[in-house]
Amino acid sequence: MIPTKAYAAHTATTPLAPFEFQRRSVGEHDILIDIAYCGVCHSDLHQARGEWGNSTFPMVPGHEIVGKITQVGGKVSRHKVGDMAGVGCFVDSCRSCRSCKEGIEQYCEGHLALTYNSMEKDLVTPTQGGYSSQIVVDENYALKVSSKLDLKAVAPLLCAGITTYSPLRHWKIGTGHRLGVLGLGGLGHMGVKFGVALGAEVTVISTSTSKEADARRLGAHDFLNSKDEAAVKKATERFDFILDTVSAEHDLNQTLNMIRRDGTLILVGVPPEAPQVHPFSLIPRRRAVAGSMIGGIKETQEMLDFCAANNIVSDVEVIEMSYINEAYERMAKGDVRYRFVIDMKTL
Ligand code: NAP
Ligand code: ZN
Ligand code: ZN
C-alpha cells in the first residue's frame with residue numbers, strides 16, 4: 001500500500017481538511033503518478049457539499065490530474081517512468097459493454113469507476129481523487145500529456161476541456177454554425193476556445209457583464225448579457241447550438257427560445273435543481289435538448305493532442321492547497337477566471 005497525503009471533505013457541511021489514506025500498490029498494469037497539479041471543477045464543489053445527493057465521505061475530490069510517472073507495473077506498455085501523464089474523471093470501467101467496446105467508456109453500462117466519490121473495479125474500495133500527493137491508475141485509463149504545453153494549464157483539459165470538446169465533435173459543430181456558450185466559467189471558457197478553433201461563430205451568453213472583454217479575448221465573436229431581456233429577445237432563434245455549462249438553476253425556456261428551428265440545446269452543466277422545460281419551447285421549432293458527459297479515453301487523448309497542435313490550454317489561477325475552501329466560495333459566486341488549479345507541492 002502507498003501512504004498518500006490529501007485534502008478531503010469529511011462531511012457535506014464542513015470545510016475540506018487534511019486527510020491521509022492508502023493507495024493500492026502498483027499492480028502489473030498500473031502506473032504511479034506523482035501529482036503536480038489538480039484543477040478544481042464545479043463538480044468537486046457539488047459533490048463535496050452533497051448537492052447531487054450521491055456523496056460518500058471522506059471524499060478526496062479532484063479529476064483534473066497531471067503529473068510525472070514515477071513507477072510502472074511489469075506489464076505496462078503505453079507509459080514509462082519520467083513521462084508526464086494525466087487522469088480525468090474516471091479510472092476504470094467494465095471494458096465489456098457496448099460503450100466500453102466503442103471506446104466511449106464514460107457511458108459504461110456496467111461499473112464506471114469515477115476518479116472519486118465512487119468505487120474501484122472491485123466495487124468495495126472507495127476511489128479518491130487528485131487533491132492528493134499521488135495516484136495509482138491502470139495504464140489504459142491514463143492519458144499522455146505533451147511536455148510542449150504549460151502543465152498547470154493542461155490540468156483543466158482533463159475535465160473542462162474534454163467535456164466541451166466532446167459535444168462539439170459529436171454534433172460536428174464548426175464552420176457555418178452559430179454556437180452560443182452559456183456561462184463563462186471553467187467549462188465555458190474551454191467551450192469558447194474549442195468552438196472558435198473549430199470554426200464556429202461563437203457568442204458567450206453570460207450573467208456577468210464584467211466578463212465581456214475576457215470573452216472577446218478568448219476569441220468569442222459576440223457577447224450577450226442573459227439578464228438583459230431586450231438583448232435576449234433580439235437573439236430569438238439566433239443559434240444552431242447552445243452549450244449550457246451553467247452550474248446553478250436558470251431558465252431553460254429562455255435559453256431554448258434563442259435556438260433556431262432544428263437546433264439543439266446541449267446540457268453539460270448539472271445544477272442541483274432539475275430544470276423545467278415547456279413542450280412549447282421545443283415543439284413549434286422542432287428543437288432538441290441533449291446531454292453530454294465528459295469523453296472517452298480515445299477522444300480525451302485526441303483532445304489533448306489537438307490542444308498541443310493548436311496551442312490551446314486553460315486560463316488558470318494557481319492556488320495553494322490550503323486555499324481550497326476560499327476557492328470553493330469564489331467558484332460558488334462565479335468569481336473564477338477561469339479555472340483554479342492546485343499546485344500540489346503546497347500540500
Ligand atoms: P464554473 O467554473 O463555476 O462555471 C459555471 C458558470 O455558470 C459561472 O461562471 C457563471 O457564468 C454561470 N452561472 C453560475 N451561477 C449562475 C446562475 N445562477 N445563473 C446563470 N448562470 C450562472 O463551473 P464549471 O466547473 O465550468 O462547471 C459547470 C457545470 O458543469 C457544473 O454544474 C459541473 O458540475 C458541470 N460539469 C459537467 C460535466 C459533464 O460531464 N457534463 C463535466 C464537468 C462539469 P457567467 O458568470 O458567465 O454567467
Ligand atoms: Zn469536472
Ligand atoms: Zn462498460
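**Exercises: Thr4 and a zinc site**

Leaving aside residues up to four places away in sequence, Thr4 touches Phe19, Glu20, Phe21, Arg23, Ser132, Ser133 and Gln134, where contact means heavy atoms within 4.5 Å. The model is predicted, with local features needing pLDDT of at least 70 and side-chain atom pairs counting only at pLDDT 80 or more, while totals for chains, interfaces and linings use all residues. Residues are numbered from 1 along each chain as its sequence is written, chains are lettered from A and ligands numbered from 1 in the order in which they are written, and side-chain values use heavy atoms, without hydrogens and water.

**Exercise 1.** Place Thr4 and describe its polar contacts.

Step 1. Thr4 lies in strand E1 (residues 2–8); strands (E, at least two residues) and helices (H or I, at least four) are DSSP runs, numbered from the N terminus.

Step 2. Is Thr4 buried or exposed? Thr4 is buried, since its relative accessible area is 2%; buried means under 20%, exposed over 50%, partly exposed in between (1.4 Å probe, protein chains only).

Step 3. The side chains of Thr4 and Gln134 are joined by a polar contact of 3.1 Å. Such a contact is a pair of N or O atoms within 3.5 Å; within protein, one must be able to donate a hydrogen and the other to accept it, and residues adjacent in sequence count only if both atoms are side-chain atoms. The Thr4 side chain also reaches the backbone oxygen of Ile2, at 2.9 Å.

**Exercise 2.** Find the protein donors of the zinc ion (ligand 2).

Step 1. They are Cys41 (SG), His63 (NE2) and Cys159 (SG), 2.0 to 2.3 Å from the ion. Donors are N, O and S atoms within 2.8 Å of the metal (3.2 Å for Na, K and Ca); water is not among the atoms, so sites may look incomplete.

Step 2. Cys41 is buried at 2% relative accessible area, and Cys159 is buried at 4%.
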